[in-house]
Amino acid sequence: MIYKLLNTKVLVTIALLCCSLLTIAAPDAKNGQSLFKANCATCHTKNMKADMTGPALGGVQERWEGREELLYNWVRNSGEVIASGDAYANKLFSKWNKSVMQAFPNLTNENIDDILLYVDEMYTGTGIGAPDPGTTTEVVNGEPTSGNNWLYLLLFGILATLALVLTRITANLNHLADVKAGQAVQRKSLAEILTSKRLVTFVLFALVVLGGFTTVKNAVSFGRQQDYAPEQPIKFSHELHAGINKIDCQYCHDGARRSKHAVIPALNTCMNCHKAIKAGPEHGKGEISKIYAAAGFDPVSGTYYEDYENIHKDTLIANMEAWLGADYLNKDGNTIKIKKDQAEEQLAEVTSYIQSPIEWVRIHNLPDHAYFNHAQHVVAGGVECQTCHGAVEEMPVLKQYAPLSMGWCVNCHRETEVQFADNPYYDTFENYHEDLKSGKIDKVTVEDVGGLECQKCHY
Ligand code: HEC
Ligand code: HEC
Ligand code: HEC
Ligand code: HEC
Ligand code: HEC
Ligand code: HEC
C-alpha cells in the first residue's frame with residue numbers, strides 16, 4: 001500500500017515538473033508585438049533603434065535596471081513617476097522637451113513584460129525580431145530557438161525515462177510486498193515487461209539520435225559563423241576609426257561598460273564627427289553621404305533638414321546629386337576633382353538610404369538560451385575587447401574572431417584568474433579571501449566562483 005502511495009506521488013511530482021519546465025510562464029513576444037503595435041508604435045519606432053516622437057526603446061531595460069517596478073509604473077502613467085522626483089525620469093522628460101507620453105493604466109506587469117521582450121528581440125535581432133532571410137540584415141545560422149527546444153526535449157526525455165524506471169521499481173516492490181503478505185498474485189506477464197523495456201530503449205535510442213543530429217548540425221554552423229564578415233551597408237572601417245584615428249572602442253560601443261550589450265552606435269554618434277568630416281580617404285564623399293541620407297542632414301548647408309520625413313524625395317535626391325557632383329578640398333587641403341560617372345555611381349547607392357535607416361548586418365549572435373553580459377566581462381572581469389574580438393583595430397571589414405561555442409566560454413573560465421582582491425563584487429566569498437591571505441591558494445579562477453555552473457550561462 002505504502003509503495004502504491006509513493007508511486008502515485010512520485011509520478012505526480014514528475015508530471016508537474018515536466019509541465020512546469022515546458023510551460024515556464026515566460027513573457028510572450030507575440031503578444032508583446034500586438035500590444036506594441038496597438039499602443040506604442042505611433043511614437044516609438046519598430047526597429048527600436050531610431051528616435052521618433054518618443055525615444056528608441058532598444059536597451060530600455062538596462063537603462064531602468066534595478067528599478068523594474070518604476071518602469072512598469074512609467075508605462076502605466078509616466079506623469080506619476082516624473083512627479084515622484086525620479087532623477088532619470090525627469091532628465092528624460094526634459095530631454096524630450098517635456099512631451100508627455102500617453103498613459104496606459106490598463107496594462108498589467110505581464111503585458112509590459114511581453115512588450116519589453118518584443119522590444120529586446122527587435123532591438124537585438126533575435127526571436128520575433130530576427131531579420132527575414134533575404135533582406136540586407138540576413139544572419140547566417142539564424143535559428144536561435146532550435147537549441148532551446150532541444151534542451152527542453154532532452155529534459156523531457158530524461159524525466160520521462162526516470163518516470164518509467166520508477167514505475168518499474170515500485171511495481172516490483174509492490175509485488176514483493178504482496179508476496180510477503182502471503183497473497184498469491186500473478187506476476188506481470190513477460191510481454192508487459194518487454195513492452196516497457198522496449199519503451200525505455202526506444203526513448204534512449206531517440207535521444208542518442210537527436211543528440212547526434214544536433215551536434216553535427218551545430219558543428220557545421222560553428223564553422224560558418226567564425227570568421228563571418230558580411231558586407232555592411234556603409235563601408236565602415238574599424239582600422240580607420242579605432243586603428244589609425246585611435247577612437248576608443250567604448251566611445252561608439254558605450255553599452256559595453258554598463259550593460260549586457262555593447263551596442264552598435266546610433267547615427268548621432270557618427271554625426272558627432274561627420275557633421276564636419278564630410279569625405280574619407282578612400283571613398284570620398286560616397287560612403288559618408290549615406291549617413292547624411294539616413295540621418296536627414298544637408299551637407300551643403302551643414303544643418304539638419306526640418307521635417308525630414310515629409311520632404312519630397314526628388315528634392316532630396318537633387319540636393320544630394322549637387323553635393324556629390326561638386327569638387328572638394330580634402331584633409332590635406334588638396335582639391336579633389338569629381339568625375340561625372342563616379343558621382344552618378346555614388347548617387348545611385350546613396351539614394352536608397354534617403355529617409356530610411358542604416359541596417360547594420362549583425363555578426364555575433366549567441367543562441368537565445370545562452371546568456372552573455374559585456375559589463376560583467378569588461379568591467380568586473382577586466383577582459384580586453386581584443387581577447388574575445390581579435391585585433392579589431394586592424395580590420396577594414398569586421399569579422400567574427402571567436403567561435404562563440406560553449407567550449408570557448410568554458411575554457412576561458414577554467415583558465416582565467418578573477419581580479420579578486422579589492423573587488424566588492426566578490427565580498428561574499430569570505431573563504432577564498434582568507435585562503436588567499438593565508439597563502440593556502442594563490443589564485444581564484446572564474447570556475448572557482450561558479451563560472452562553470454550551467455544556470456550562470458543558460459536561462
Ligand atoms: C504619444 C506618444 C507616445 C506613446 C503612444 C508611447 N510613448 Fe513611450 N515615450 C514617449 C515620449 C515622448 C517619451 C520620452 C519621455 C517623455 O517625454 O515623457 C517616452 C518614453 C518612454 C520610455 C522610457 C524610455 C527610456 O529610454 O528610458 C518607455 C519605456 C516607453 N516610453 C514605453 C512606451 C510603451 C511600452 C508604450 C506603449 C504601451 C509607449 N511608450 C507609448 C511617447 C510615447
Ligand atoms: C566610430 C565608431 C566605432 C568605433 C570607435 C569602434 N566601433 Fe565597433 N562597430 C561600429 C559599427 C558602426 C559597427 C557595425 C558595422 C560593422 O560591423 O563594421 C561595429 C561593429 C563591431 C563589432 C561587431 C558587431 C556585431 O554585429 O556582432 C564588434 C565586435 C566591434 N565593433 C568591436 C569593436 C572594438 C573592439 C573596437 C575598438 C578596438 C571598436 N569596435 C571600435 C562602430 C565603431
Ligand atoms: C569575454 C568575451 C568578450 C569581451 C571581453 C568583449 N566581447 Fe563583445 N561580444 C562577445 C560575445 C560572446 C558577443 C555576442 C553576444 C550575443 O550574441 O549576445 C559579443 C558581441 C559584441 C557586439 C555586438 C553587439 C552586442 O552587444 O551584442 C559588439 C559591438 C561587441 N561585442 C563589442 C565589444 C567591445 C567594444 C568590447 C570591449 C569594450 C567587447 N565587445 C568585449 C564577447 C566579448
Ligand atoms: C570620433 C570621430 C568619428 C566618429 C564618431 C565617426 N567617424 Fe567616421 N571618420 C572619422 C575620421 C577621422 C575619418 C577619416 C577622415 C580622413 O582620413 O579623411 C572617418 C572616415 C569615415 C568614412 C570614410 C571612409 C573612407 O575611406 O572613405 C566613413 C564611411 C565613416 N567614417 C563612417 C562612419 C560611421 C558610419 C560612423 C558611425 C558609426 C563614424 N564614421 C563615426 C571620424 C569619426
Ligand atoms: C577571455 C576569457 C573569457 C571568455 C572567452 C568568456 N568569459 Fe565569461 N568570464 C570571464 C571572466 C574573467 C569572468 C569573471 C568576471 C567577474 O569578475 O565577474 C567571467 C564571468 C562570467 C559569468 C559570471 C560568472 C559568475 O560566477 O558570476 C558569466 C555568466 C559568463 N562569464 C558567461 C560567459 C559566456 C556565456 C561566454 C561565452 C559566450 C563567456 N563568458 C566567455 C572570462 C571569459
Ligand atoms: C560559460 C558559459 C556556459 C556554461 C557554464 C555552460 N554553457 Fe552550455 N552553452 C554555452 C553557450 C555560449 C552555448 C551556445 C553555443 C552555440 O552557439 O551553439 C551553449 C550551448 C549549450 C547547449 C546546446 C547545444 C549546443 O551546442 O548548442 C546545451 C545542451 C548546453 N549548452 C548545456 C549546458 C550544460 C548542461 C551546462 C552545465 C554542465 C552548460 N551548458 C554550461 C555556454 C555555457
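In this predicted model, His 274 counts as buried, because its relative accessibility is 11% and the limit for a buried residue is under 20%. His 274 is also one of the protein donors of the iron atom of ligand 4, the other being His 241. The points below look at this iron site, then at the iron site of ligand 5, and finally at the surroundings of ligand 2.

**The iron site of ligand 4**

- The NE2 atoms of His 241 and His 274 are the protein donors of the iron atom of ligand 4, and they lie 1.9 Å from it.
- Six donor atoms surround this iron atom of ligand 4, and because the angles that they subtend run from 84 to 179 degrees, the arrangement is octahedral.
- His 241 belongs to helix H10, while His 274 belongs to helix H12, which covers residues 267-274, so the pair ties together parts that are 33 residues apart in sequence.
- His 241 counts as partly exposed, with a relative accessibility of 22%, whereas His 274 counts as buried at 11%.

**The iron site of ligand 5**

- The iron atom of ligand 5 is coordinated at 2.0 Å by His 377 and His 413, in each case through the NE2 atom.
- Here the six donor atoms around the iron atom of ligand 5 subtend angles of 87 to 179 degrees, and the arrangement is therefore octahedral.
- Since His 377 lies in helix H16 (residues 374-380) and His 413 lies in helix H18 (residues 406-415), this pair ties together parts that are 36 residues apart in sequence.
- His 377 is partly exposed, with a relative accessible area of 24%, whereas His 413 is buried, with a relative accessible area of 13%.

**The surroundings of ligand 2**

- Ligand 2 is surrounded by 23 residues, of which the closest are His 238, Cys 249, Cys 252, His 253 and His 364.
- Sorted by class, the shell around ligand 2 consists of 13 nonpolar, seven polar and three charged residues.
- An N or O atom in the side chain of His 253 is 2.8 Å from a nitrogen atom of ligand 2, and a polar side-chain atom of Gln 232 lies 3.2 Å from an oxygen atom of the ligand.
- His 364 makes its contact through the backbone, where an N or O atom lies 2.7 Å from an oxygen atom of ligand 2.
- Helix H10 (238-244), helix H11 (249-252) and helix H17 (385-389) are the elements that give two or more residues to the shell around ligand 2.
- Helix H10 therefore appears at two of these places, since it contributes to the shell around ligand 2 and also holds His 241, a donor to the iron atom of ligand 4.

Methods: Residues are numbered from 1 along each chain as its sequence is written. Chains are lettered from A and ligands numbered from 1 in the order in which they are written. This is a predicted model: local features need pLDDT of at least 70, side-chain atom pairs count only at pLDDT 80 or more; totals for chains, interfaces and linings use all residues. Side-chain values use heavy atoms; hydrogens and water are left out. Donors are N, O and S atoms within 2.8 Å of the metal (3.2 Å for Na, K and Ca); water is not among the atoms, so sites may look incomplete. Four donors count as tetrahedral if all angles lie between 85 and 135 degrees; four count as square planar and six as octahedral if opposite donors are over 155 degrees apart and all others between 65 and 115; anything else is irregular. Helices (H or I, at least four residues) and strands (E, at least two) are DSSP runs, numbered from the N terminus. Buried means under 20% relative accessible area, exposed over 50%, partly exposed in between (1.4 Å probe, protein chains only). A residue is near a molecule or strand if one of its heavy atoms lies within 4 Å of it. A polar contact is a pair of N or O atoms within 3.5 Å; within protein, one must be able to donate a hydrogen and the other to accept it, and residues adjacent in sequence count only if both atoms are side-chain atoms. Ala, Val, Leu, Ile, Met, Phe, Trp, Tyr, Cys and Pro count as nonpolar, Asp, Glu, Lys and Arg as charged, and the others, Gly among them, as polar.
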